Amino acid sequence: MRLHTFSLVVLILVLALLPVSARADSVVLGTADPYAVLAKTDITNPTTFAATVITGDMGISPATSAACTGFVLATGCTGTAGPGVVASGYATNFGNAPAAKAVLDAQTAYNDLAATPTTTPSTTFDITGQCLGSAVGCLNDLGPGVYNSTTLVIIDGALTLHGDGSANDLWIFKTAADVGLTTDSGSSVLVDNTGALAGVYFEVGTKATLGDVSTIEGNILAGTAVIFDPGAQVTCGRAFAQSEVTFAGNKPAAGDGTPNLVDNSGCSAISSTGFNGGTIVNGIVVPSSLVVAPEPGTFALLSSGLLAMVFLAFRKSRGSSLTR
């Protein structure tokens with residue numbers, strides 16, 4: 001009986017350690033990763049003005065294709081048609097299983113980003129009018145880290161996220177549950193001095209509003225909506241919302257032909273997949289460079305040791321039986 005109990009304990013230990021040996025981590029966005037735009041209730045685009053361009057998959061769940069309006073019918077949207085397009089080669093999923101899983105994974109990513117501890121010295125961040133330009137050495141460049149704000153975040157001017165030269169740099173900007181993010185007209189968020197595995201995430205408590213002809217590099221995950229004013233663009237990243245994503249198109253009457261766009265296909269040589277870097281480890285998002293894979297053979301050595309313990313216990317038990 002003692003041997004049986006001991007063997008059972010060893011087996012439980014082996015099974016418990018198996019996931020650890022296989023690395024208990026995952027990419028931040030999960031199955032939402034291929035998507036450029038995700039929403040739960042609707043995605044709307046004007047039925048006039050220049051075409052909004054989505055480069056990446058687009059999805060809605062639990063709402064169906066009828067909640068997608070202002071896009072050409074070839075995208076699968078069945079709401080009122082318009083000039084919006086999804087670039088060739090990318091998928092659209094509305095109210096189906098793939099969309100539901102992507103929305104769920106986006107929600108998980110939102111929660112994990114919100115739970116990641118702040119690493120910057122202060123509990124709030126002010127990125128209004130930061131670093132007008134991208135010159136290396138600008139004192140107001142924001143380096144990699146986890147930033148937290150309890151007040152409305154307004155990006156006014158050109159903000160540069162200046163990496164430390166690592167391919168795994170990670171920026172996370174979090175706001176409180178009742179706090180939003182706004183970019184003023186003509187503002188920008190640009191990333192430099194980093195590599196293809198960098199991650200940039202804006203975890204917004206409520207609504208993210210991108211002002212006229214403003215541009216952002218990074219992934220927006222909003223608690224309610226992502227609103228694109230005329231000409232606003234996510235040039236390298238994604239727009240995910242727990243309710244809706246709304247595009248305004250452009251301002252042709254004012255002579256401004258800049259369309260809305262969301263592109264997760266990469267931006268020059270900086271990010272190959274839209275700043276989706278980072279790894280989820282035990283519900284916290286960390287730079288991938290901090291995740292160390294176990295040495296080859298670690299689990300084999302552990303298993304051998306445990307089996308040896310079972311064998312020795314067996315011999316001891318058998319010896320005890322023979323001496324009786």
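Start by selecting K101, which is partly exposed with a relative accessible area of 40%. You are looking at a predicted model, so treat each stop as a feature of that prediction.

**Stop 1: along helix α2**

Keep K101 on screen and add D105. Their side chains meet in a salt bridge, with 2.9 Å from N to O. Now show the backbone of helix α2, residues 97-115: K101 and D105 are four residues apart in this helix, and therefore about one helical turn separates them. Colour by accessibility and the two partners part ways: K101 is partly exposed, while D105 counts as buried at 12% relative accessibility.

**Stop 2: across the sequence**

How many salt bridges are there by this rule? The count comes to two, and D33 with R238 is one of them, at 3.7 Å from N to O. Select D33 in the loop between β1 (25-27) and β2 (35-39), then R238 in strand β19; the partners are 205 residues apart in sequence, so this pair ties together distant parts of the chain. Is R238 buried or exposed? R238 is buried, with a relative accessible area of 1%. D33, at 22%, counts as partly exposed.

**Stop 3: strand β5 and its neighbours**

Next, select residues 57-60, which form strand β5. Both of its faces are covered: D57 and G59 lie on one side, M58 and I60 on the other, and all of them are buried. Add β2, which pairs with β5 in the parallel sense over four bridges. Then add strand β8, residues 92-94, which also runs parallel to β5 and is joined to it by three bridges. G59 is a handy residue to centre on here: its bridge partner is L38, and it stands opposite N93 in β8.

**Stop 4: the nonpolar cores**

Stay with M58 from the previous stop. Together with F228, M58 has the most contacts inside the largest nonpolar core, a set of 47 residues. Strand β19, residues 233-241, gives the largest share of this core, four residues. There is also a second, separate core of 19 residues, and Y35, A109, I172 and F240 are among its members. As background, nonpolar side chains tend to be buried together in soluble globular proteins.

Now centre on F228 and show what surrounds it. Leaving aside neighbours within four places in sequence, its contacts include L210, Q233, V234 and A239. Further along the chain, V245, T246, F247 and A248 are in contact with F228 too, as are N260, L261 and V262.

**Stop 5: aromatic rings**

With F228 still in view, add F71 and F247: ring pairs link these three residues into a cluster. How many aromatic pairs does a search of the whole structure find? It finds four. One to inspect is Y147 with F173, whose ring centres are 5.1 Å apart and whose planes lie at 15°, so the pair is stacked. Planes under 30 degrees apart count as stacked.

Show the strands around that last pair. Y147 sits in β9 (residues 145-149) and F173 in β12 (residues 170-175), so the rings tie together parts that are 26 residues apart in sequence. To finish, check the accessibility of both: Y147 counts as buried at 9%, and F173 is buried with a relative accessible area of 3%.

Terms used: Residues are numbered from 1 along each chain as its sequence is written. This is a predicted model: local features need pLDDT of at least 70, side-chain atom pairs count only at pLDDT 80 or more; totals for chains, interfaces and linings use all residues. Side-chain values use heavy atoms; hydrogens and water are left out. A nonpolar core is a set of buried Ala, Val, Leu, Ile, Met, Phe, Trp, Tyr and Cys residues joined through side-chain atoms within 4.5 Å. Buried means under 20% relative accessible area, exposed over 50%, partly exposed in between (1.4 Å probe, protein chains only). Helices (H or I, at least four residues) and strands (E, at least two) are DSSP runs, numbered from the N terminus. Contact means heavy atoms within 4.5 Å. A salt bridge is a side-chain nitrogen of Lys or Arg within 4 Å of a carboxyl oxygen of Asp or Glu. Two strands pair if DSSP finds at least two bridges between them. Rings of Phe, Tyr and Trp (its six-membered ring) pair if their centres lie within 6.5 Å; planes under 30 degrees apart count as stacked, over 60 as edge-to-face and the rest as tilted.
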